Amino acid sequence: MAKSYPETTNPNAAQAFPYLVREVRSGRSTTFDPGFHVMHWHSDVQFLYAADGTVDVQTLHATYTVHPGEGLFLSRDVVHCIRAAQTAHYYNFIYPADQLHFAPGSPANDDLAPILDGTSLPVCPLTMETDWGRRALAQLQELAAFTEEQPDAYAANILVRLLDLVLLLRLHASLVQAARTDDANTARTKAVLQYIALHYADDITLADLAASAQCSKSACLRAFRTCMATTPYQYLIDYRLEQAALLLRQTQDPVASIAETVGFHHLSLFGKSFQKKMGATPKAYRTTKQQIESQGAVLCFGTKKSS
């Protein structure tokens, strides 16, 4: 089921060294990723480090605020999205979980499995409050520094630090039961998110979403509110607007055509909804973003932060 979520592919996955860094500074990302602001997942482990400004990471169970100088670990297959103020500066260090291993058959692989399997430690904040936390953050700071100037033996430097981070988590973080399975609310919410990702341009009803989650409409609504702190309808609108923003950035299609493509049948409603969320009309948004990108900047679009 998770494989249908959007924006999940590591563009370096097919390379011999599939390490990916996404540095986001003042809203601009070194690698464009429209998945930042919609719920998505990937089969990679991810370490986030906030160099400046606060970053909010929402999962199906909680929202984590990462302050400057702090970090966050996200295991594989964790559904999440990232939001931050325009002034924030942060890094995402991403590597395929199934490639962080030693020689086949090595007992060291079993040692690290609880961190890499995606169930025993889905999320872990990294702070300065403990010795091991400070050590982990020092490793993240070094990874951030490597984006400016690659050291000798670059790949080895990266892998050693990633493995040390995983080992620190294995030795010091509190693990949940490996046999734990998602509760009913989480499973239902995942099903709804998957359905929206596949059918957001269609006329979706609450009955459709409930059917996808195999539950009643009231149970579907209750589960989604519990996990997402919003309604399925509002999430659907936000998802459509994110997709519209992507099309405005990457195409010259007419605004009316884009509105229809993402599921808005009334252009006036689309315009008002888009401006409320993005802080600009669709036309102004396109002009600004395409001008920036034509100058060589790759911008990770985002929503307006509420004060």
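**Exercise 1. Confidence along the chain**

Among the elements of the chain, which has the lowest mean pLDDT and which the highest? Find also the stretches where pLDDT stays under 50.

*Solution.* Start from the fact that this is a predicted model, and take the chain as a whole: its mean pLDDT is 86, and 87% of its residues reach 70 or more. Turning to the elements, strand 2 (residues 28-29) has the lowest mean, 75, while strand 6 has the highest, 98. Then look at residues 1-7, where pLDDT stays under 50 and the model has 26 contacts beyond four places in sequence. Residues 296-307 also stay under 50, and for them the model has 43 such contacts.

**Exercise 2. The partners of strand 4**

Determine how strand 4 pairs with strand 5 and with strand 7, and decide whether strand 4 is mostly covered or not.

*Solution.* First take strand 5 (residues 63-66), which runs antiparallel to strand 4 and is joined to it by four bridges. Three residues lie between these two strands, which form a hairpin, and within this pairing Val 55 has Val 66 as its bridge partner. Next take strand 7 (residues 80-84), which is antiparallel to strand 4 as well and pairs with it over five bridges; here Thr 59 stands opposite His 80. Finally, consider the covering of strand 4 (residues 55-59), where four of the five residues are buried.

**Exercise 3. Two aromatic pairs**

Classify the pair of Phe 47 and Phe 73, then the pair of Tyr 91 and Phe 93, and state how buried each ring's residue is.

*Solution.* A pair of aromatic rings is described by the distance of the centres and the angle of the planes. The structure holds 12 aromatic pairs, and one of them is formed by Phe 47 and Phe 73, whose centres are 5.1 Å apart with 45° between the planes, a tilted arrangement. This pair links distant parts of the chain, since Phe 47 belongs to strand 3 (residues 44-52) and Phe 73 to strand 6 (residues 71-74), 26 residues apart. Phe 47 counts as buried because its relative accessibility is 1%, and Phe 73 counts as buried because its value is 0%.

For Tyr 91 and Phe 93, the centres are 5.7 Å apart and the planes stand at 10°, so this pair is stacked. Tyr 91 is buried at 5% relative accessibility, and Phe 93 is buried at 1%.

**Exercise 4. Helix 9 and the nonpolar cores**

Check whether the span of helix 9 agrees with or departs from the expected value, and then find which elements give two or more residues to the largest nonpolar core.

*Solution.* Helix 9 (residues 267-278) has 12 residues, so at 1.5 Å a residue it should span 16 Å, and its end C-alpha atoms are indeed 16 Å apart, which agrees. Its buried residues include Phe 270, Ser 273 and Phe 274, and just after the helix Gly 279 takes a positive phi of about 80°.

Phe 274 is also among the residues with the most contacts inside the largest nonpolar core, which has 39 residues. Two or more residues of this core come from each of helices 4, 5, 6, 7, 8 and 9, and helix 7 gives the largest share, eight residues. Tyr 235, another of the residues with the most contacts inside the core, is in contact with Met 39, Leu 193, Ile 196 and Met 228, among others beyond four places in sequence. Apart from this core lies another, of 33 residues, including Val 21, Phe 93, Leu 121 and Leu 137.

Methods: Residues are numbered from 1 along each chain as its sequence is written. This is a predicted model: local features need pLDDT of at least 70, side-chain atom pairs count only at pLDDT 80 or more; totals for chains, interfaces and linings use all residues. Side-chain values use heavy atoms; hydrogens and water are left out. Buried means under 20% relative accessible area, exposed over 50%, partly exposed in between (1.4 Å probe, protein chains only). Two strands pair if DSSP finds at least two bridges between them. Rings of Phe, Tyr and Trp (its six-membered ring) pair if their centres lie within 6.5 Å; planes under 30 degrees apart count as stacked, over 60 as edge-to-face and the rest as tilted. The expected span of a helix is 1.5 Å times one less than its number of residues. pLDDT is the predictor's confidence in each residue, from 0 to 100. Contact means heavy atoms within 4.5 Å. A nonpolar core is a set of buried Ala, Val, Leu, Ile, Met, Phe, Trp, Tyr and Cys residues joined through side-chain atoms within 4.5 Å.
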